[in-house]
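Thanks for coming. I will go through one model today and keep to what can be read from the coordinates.

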Amino acid sequence: MEQVYVSYPSLDENKRHGAQQAGTQSETTQDKLIISNERPWKPWRSARSRIRGWAIRVQNAMLCLAGLEWYCYAALGVLMALMSFVMDLTVAKLLRAHHWLYSCLEGHKLLQFLCWTLYPACLCALSTSFSHSICPQSAGSGLPEMRAILSGVQLPDYLSLSNLFAKLVGLICTLSAGSSVFLGKVGPFVHLSNMVGAYLHRMYASACGTKQRRTQGDMLVVASAVGVASCFGAPISGVLFSIEVMGSHYSVRDYCPCFFAAVCGALSYRLLAVCSGEQETVNALFKTRFPTEIPYQPPEILFFALLGLLCGAVSCVYLFSHRWILRFVRANKLISRFIATEKTLYSGFVAFLLALVTFPYSAGSSMASQLTMRQLICSLLESTQWNSISHNATLLEESQQSLWQEWSPPGSSVYKTLGCFLIIKLWLLVLACTLPLPAGYFMPVFIYGAALGRFLGEGLAYLFPNGISPDTLSVINPGGYALVGAAAFAGAVTHTLSPALCALEMTGQSTHVVPILIATLISNAVSRSKHQPSFYDGISLIKKLPHLPSLIRACPKLSSVQIGRFVAPAGAVLQRGEKMAGVQNVLNNSTESQFPVVDTHESPTLLGTVTRDQLQAFLLEIQTEVHCIMSVVREQRVFVTENGKLCGLITWKEVRSSAGKHTNTHTHTHKHTS
């Protein structure tokens, strides 16, 4: 029988074996590191080098043609036009889906009621929930906050990418709720444009480094113009909007960049409509066909001026109601607590109420509630007289496919429908302004002004069926009054003249330039009386945003307040001949990022300012020089003189102590900043 012997290695042998394996592994690791540090083989080196060379040549040629900031402006215009077009396309598909579902339920009024009310309620609830869960700052228009940012106030997260994503999705849901909620996209889209502009500026700054020639404020002013131009294809009114609404002081050097970017955005937006087959050529957004030979008679100028007075008076009622309901919602503890804790439920409930009022089998049948926002403005701008069509069988057969029939349902007149629209929609719009979701308010007031002008135009057409002047064969055009009313009411609400130019660019109708300007100026004069704040100024005041022009316009007495009442102590101050110890003491005992520099403490004449980073860099440079001197002379003690006079000595102990203090101060500053 064979015996098998098994030998067990001792503990020392195991250690020696482990050490040998570790040594082998370390050598293998070093070999791998050496191999990994070798330059890997790549295919087609010559082709890649030629492509890289051509890319560098193209880059140099582009930079010779224009600076990098101009390509950023063009990219901003194209990106915002693409975003606007995709948003409109998505909203149109969702609105068609709602209309299709509602028409499929024909004959089932209960199901139609649920479809009509729950669809916008769910979309508004989704918009609120999504936007607030991603970024709470995405609610509202965003224009008052952007005006504060452009005036120099820093508001966190208002230009972040998370806010961009939340506002984009939330705005699509809001617009898809339809005309029942009666909200627009201009304000939030300008905010979106500013967020994209801020991101492009960060890319531009990282590419240029210290050689950048444009600040973030310049890019935001340009982005404001692009936002309006990409919404309506109106570049000129976009630039005027950025001057009137967004900035209190406009820099002339932003003029050309604003026009360049706005034209890029407007042209791209209209070209996308042509490429999609929506239009055959580049055209106005709401193209009108008013008569050009005699667009209006001279006596009608008086009625256009009267329309301006009417729009100004109604705008005062609307602005007062808007400010009152916002203050009431904030002051009422029950409602404010409910909105703070249940924003989604509040948005769904208010949207349900709005849809309940506009249900076609209730009051909605008397206010053309089945028309979308785009169909509303297109129908109101029609040049035909609705009242004459409804009483003419021949014209009635020819216009069966026109949208005007929604304004003249069976058993109701055009005047009743327009009157109900004006009375009910005013209060519904005031209520919709309390919704905590991304929404704009320019297009609703534009449509409301068009309805106001249409109402006056239809009334004049009824009173003067053959025209005001019997000598000329020219009938009254109610669509012209709708166009003038839209510009006048929107201008009165915003206290601007840019809506007048926007109305001309959106419709391509240049024959009514004079009536539009007259009515807009008169409506502005009425709405500005007694220093009433505009729509955006009112929001800034209620939200207590630090926007000084809004405060001065609301209370002109503030301009006479002496600034000495608000002057606070300057804090840490440095003098011209400050010693290193004094500088170090200021850095250790204060957390300010900027310090004033005066001539002397006894004669505090301001010479300028210096930042904390500059002072820390100065101290580090001095310590480095001292360290180099002591290293070169190789002495433990170095005497310091000034013009031959002994000032003191420096030892290695003081150098190490000073370096340690500076390092601790620098580390503490970074921790405090982060």
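I will take the pocket, the cavities, the salt bridges, two backbone angles and the sheet, in that order.

One caution before the details: this is a predicted model.

Let me start with the largest pocket. About 1,200 Å³ of space lies in it. Its lining is made up of 41 residues, and those nearest the centre are Ala92, Leu95, Thr372, Met373 and Arg374. Which elements give two or more residues to that lining? They are helix H3, residues 68–104, helix H8, residues 216–232, helix H10, residues 255–275, helix H14, residues 373–380, and helix H18, residues 442–463. H3 gives the most, with 10 residues.

As for chemistry, the lining of the largest pocket has 23 nonpolar residues, 11 polar and 7 charged. On the domain level, at least three of its residues come from domain 1, which is 68–102 plus 120–276, and at least three from domain 2, which is 299–389 plus 403–557.

Next, the enclosed spaces. The search of the whole structure gives 2 cavities of 30 Å³ or more. The largest cavity holds about 90 Å³. It has 13 lining residues, with Val228, Phe241, Phe442, Ser498 and Pro499 nearest its centre. H8 supplies at least two residues of this lining, as do helix H9, residues 235–246, and helix H20, residues 498–507. So H8 appears in the lining of the largest pocket and in that of the largest cavity.

Where does the largest cavity lie with respect to the domains? Domain 1 and domain 2 both give residues to its lining, so the cavity lies between them. By class, that lining has 9 nonpolar residues, 4 polar and no charged.

The second largest cavity has a volume of about 40 Å³. Its lining includes Trp116, Ser179, Ser180, Thr358 and Met367, and also Ala368, Ser369, Leu376, Phe421 and Lys425. The classes here are 5 nonpolar, 4 polar and 1 charged. Please keep Ala368 in mind, as I will return to that residue.

Now the salt bridges. Side chains of opposite charge can pair when their charged atoms come close. The whole structure has 4 salt bridges, and I will show three.

The pair to begin with is Asp88 and Lys185, whose closest N and O atoms are 2.9 Å apart. Asp88 sits in helix H3, and Lys185 in the loop between helix H6, residues 161–176, and helix H7, residues 186–208, so this pair links distant parts of the chain, 97 residues apart. Are these two residues buried or exposed? Asp88 is partly exposed, at 26% relative accessible area, while Lys185 counts as buried, at 10%.

Then there is Lys543 with Glu145, where the closest N and O atoms are 2.8 Å apart. Lys543 is in the loop between helix H22, residues 535–542, and helix H23, residues 548–554, and Glu145 is in helix H5, residues 143–150, so the pair ties together parts that are 398 residues apart in sequence. Lys543 is partly exposed, with a relative accessible area of 35%. Glu145, at 3%, counts as buried.

The remaining pair I want to show is local. Arg454 and Glu458 form a salt bridge with the closest N and O atoms 2.9 Å apart. They are 4 residues apart in helix H18, so about one helical turn separates them. Arg454 and Glu458 are both buried.

On to backbone angles. Phe182 has a phi near 65°, a positive value in a residue other than glycine. Phe182 is found in the loop between H6 and H7, the loop that also holds Lys185. Its relative accessibility is 1%, so Phe182 counts as buried.

Ala368 is another case: its phi is positive, about 50°, although it is not a glycine. This residue is in the loop between helix H13, residues 343–357, and H14. At 3% relative accessibility, Ala368 counts as buried, and it is one of the residues lining the second largest cavity.

Last, the sheet. It is open, with 3 strands in the order E1-E2-E3 and mixed pairing. Strand E1, residues 574–575, and strand E3, residues 606–611, are at the edges with a single partner strand each, so one side of each has no neighbour in the sheet. E1 and strand E2, residues 594–598, run parallel and are joined by 2 bridges. Gln575 has Val598 in E2 as its bridge partner.

That is what I have; I am happy to go back to any of these regions.

Technical notes. Residues are numbered from 1 along each chain as its sequence is written. This is a predicted model: local features need pLDDT of at least 70, side-chain atom pairs count only at pLDDT 80 or more; totals for chains, interfaces and linings use all residues. Side-chain values use heavy atoms; hydrogens and water are left out. On a 1 Å grid over the protein atoms alone, a cavity is a set of points where a 1.4 Å probe fits but cannot get out, and a pocket is an open set with protein on both sides within 12 Å along at least five of seven lines; lining residues have an atom within 4 Å of a point. Grid points are joined across faces, edges and corners, and a volume is the space filled by probe spheres set on the points. Ala, Val, Leu, Ile, Met, Phe, Trp, Tyr, Cys and Pro count as nonpolar, Asp, Glu, Lys and Arg as charged, and the others, Gly among them, as polar. Domain bounds come from an automatic or database domain assignment. A salt bridge is a side-chain nitrogen of Lys or Arg within 4 Å of a carboxyl oxygen of Asp or Glu. Buried means under 20% relative accessible area, exposed over 50%, partly exposed in between (1.4 Å probe, protein chains only). Two strands pair if DSSP finds at least two bridges between them.
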